[in-house]
Amino acid sequence: MKNKERVESQISKLEEKYKNSGQDLSSYLDGLLYQRYLTYWDYIHLDTLLSLQVPRTHFPDEEIFIMYHQITELYFKLILHEQKQLVDDKSHDIKFFIDKVNRINSYYKALISSFGIMIKGMEREQFLQYRMALLPASGFQSAQYRMIEIYATPMENLVHHSKRDNFSSDDSIESLYENIYWKNGATDKETGEKTLTLKQFEYRYTPRLIRIAKQVNKGTIYHKYRQLSDENRNNKELIKALKTLDINANVNWPLMHMGSAHRYLGKEAGDLDATGGTNWKKFLPPSFQKIVFFPEIYSKQELNDWGKQWVDHIFNPEKR
């Protein structure tokens, strides 16, 4: 009897849900009756997913290169998924804040720990050959990663360190964007001109990135942190989570790329350029960029020493 009452209650709720849709519940139940059973492979579009690897050469390791970058972009999407919830949250709930930042850190942890696939999972000889078929494409062109930065911190914190003192939150988004740090990493080392890699990226994504920056202006995750009560801003668990996020995004993740670049493009490979012509030696080292999402939570000494781990990472590989 209890089960019958439960079913009747559910039917009543469904009738209420669908009464304004233009169809009665009976029509929806017909649709449910005729609908096929859902399968795992249909739900995640497995066949489509596994068909998205299309190498441009015959070298087997190129498929590894493609899949790893696709996996990376999916993790970036997960990070953005959490960031958007933080930015949209109006509750100022400290537990919600900590949980979301910890989720982001778990995604970064997976990314960082998996980067050995890029560093040691491919044959250098193959990479140095198939990379020439990828010109001028570059991981530099990951728009999602730029979105992660924009959601995390005010644009003035992303201005190139050599110009950062000249800008503030009062400057226009367009002006701040024009001086954003990563543009320096995609300029021709000889002429100082923008590489084709950067020109392509700007043409495709600049309007979108500026639109996002305007949407989150004074509402980034850093702003959300500053809007918390004094007690919550000093919450040790939150501070630890934010510092971990900063280190993951702005030190550890670039260091992984430094390791990969040195293996494939460094001295043993003849100091080669990256596929997009990006100036990786000046662009990747964290201590050169000094990008910090949440500067308020660090001491002056911590900010001065920011990213110096890359020296040990590159020159003392036994410490990695």
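A salt bridge here is a side-chain nitrogen of Lys or Arg within 4 Å of a carboxyl oxygen of Asp or Glu. Keep that cut-off handy for the exercises below, which work through a predicted model.

**Exercise 1. Get your bearings: how many helices and strands does the protein have, and what percentage of its residues is buried?**

Start with the secondary structure: there are 18 helices and zero strands. Next, burial: of the 320 residues in the protein, 43% are buried. Finally, look at the contacts with a separation of 6 or more: 71% of them are between residues 24 or more positions apart.

**Exercise 2. Which residue does Arg103 form a salt bridge with, and where do the two partners sit?**

Step one is the distance. Arg103 pairs with Glu82, and their closest N and O atoms are 3.3 Å apart. The cut-off is 4 Å, so the pair counts as a salt bridge.

Step two is the location. Arg103 belongs to helix α6 (residues 94-114) and Glu82 to helix α5, so this pair, 21 residues apart, links distant parts of the chain.

Step three is accessibility. Arg103 has 40% relative accessibility, so it counts as partly exposed. Glu82 is buried, at a relative accessible area of 1%.

As background, side chains of opposite charge can pair when their charged atoms come close. By the rule used here, the count comes to 12 salt bridges.

**Exercise 3. Now take Glu149 and Arg146: which helix holds them, and are they buried or exposed?**

First, the geometry: the two side chains meet in a salt bridge, with 3.3 Å from N to O. Second, the placement: both residues lie in helix α9, three residues apart, or about one turn of the helix. Third, the accessibility: Glu149 has 1% relative accessibility and counts as buried. Arg146 is buried too, with a relative accessible area of 6%.

**Exercise 4. Which residues are linked in a network of salt bridges with Glu178?**

Begin with one pair: the side chains of Glu178 and Lys183 meet in a salt bridge at 3.4 Å, N to O. Then widen the view: Lys194 and Glu202 join Glu178 and Lys183 in the network. Now check how accessible the pair is. Lys183 is at 5% relative accessibility and counts as buried, while Glu178, at 44%, counts as partly exposed.

**Exercise 5. At what angle do α5 and α9 cross, and which residues meet there?**

Take the axes to begin with. Helix α5 (residues 61-88) and helix α9 (residues 143-152) come within 9 Å of each other along their axes, and they cross at roughly 20°. That makes α5 roughly parallel to α9, since angles under 35 degrees fall in that class. The handedness of this crossing is left-handed.

Now list the residues. From α5 come Glu73, Phe76, Lys77, Ile79, Leu80, Gln83, Lys84 and Val87, and they meet Gln144, Tyr145, Met147, Ile148, Tyr151 and Ala152 of α9. Sorted by class, this contact of α5 with α9 has nine nonpolar, two polar and three charged residues.

**Exercise 6. Do the same for α9 and α11: what is the angle, and what handedness does the crossing have?**

The axes are 10 Å apart and the helices pack at an angle of about 25°. The two are therefore roughly parallel to each other. The crossing of α9 and α11 is right-handed. On the α9 side, the contact is made by Ala143, Arg146, Met147, Ile150 and Tyr151, and on the α11 side by Phe201, Tyr205, Arg208, Leu209, Ile212 and Ala213. These divide into nine nonpolar, no polar and two charged residues.

Zoom in on Arg208, which lies in helix α11 (residues 196-215). Arg208 and Ala143 are 65 residues apart in sequence, yet 9.3 Å apart in space, C-alpha to C-alpha. At 38% relative accessibility, Arg208 counts as partly exposed.

**Exercise 7. Hunt through the loops: where is the cis peptide bond, and which residues have a positive phi although they are not glycine?**

For the peptide, go to Leu135 and Pro136: a cis bond joins them, with omega about -5°. Pro136 sits in the loop between α8 (124-130) and α9.

For phi, try Lys218, with about 65°, in the loop between α11 and α12 (221-226). Lys218 counts as partly exposed, at 48% relative accessibility. Then try Lys290, with a phi of about 50°, in the loop between α16 (286-289) and α17 (300-304). Lys290, at 27%, also counts as partly exposed.

Note on methods:
Residues are numbered from 1 along each chain as its sequence is written. This is a predicted model: local features need pLDDT of at least 70, side-chain atom pairs count only at pLDDT 80 or more; totals for chains, interfaces and linings use all residues. Side-chain values use heavy atoms; hydrogens and water are left out. Axes are lines fitted to C-alpha atoms, for helices over the stretch in contact, and angles run from 0 to 180 degrees between N-to-C directions. Helices (H or I, at least four residues) and strands (E, at least two) are DSSP runs, numbered from the N terminus. Angles under 35 degrees count as roughly parallel, over 145 as roughly antiparallel, 65 to 115 as roughly perpendicular and the rest as oblique. A crossing is left-handed if the near helix is turned anticlockwise from the far one by less than a right angle, and right-handed if clockwise. Contact means heavy atoms within 4.5 Å. Ala, Val, Leu, Ile, Met, Phe, Trp, Tyr, Cys and Pro count as nonpolar, Asp, Glu, Lys and Arg as charged, and the others, Gly among them, as polar. Buried means under 20% relative accessible area, exposed over 50%, partly exposed in between (1.4 Å probe, protein chains only).
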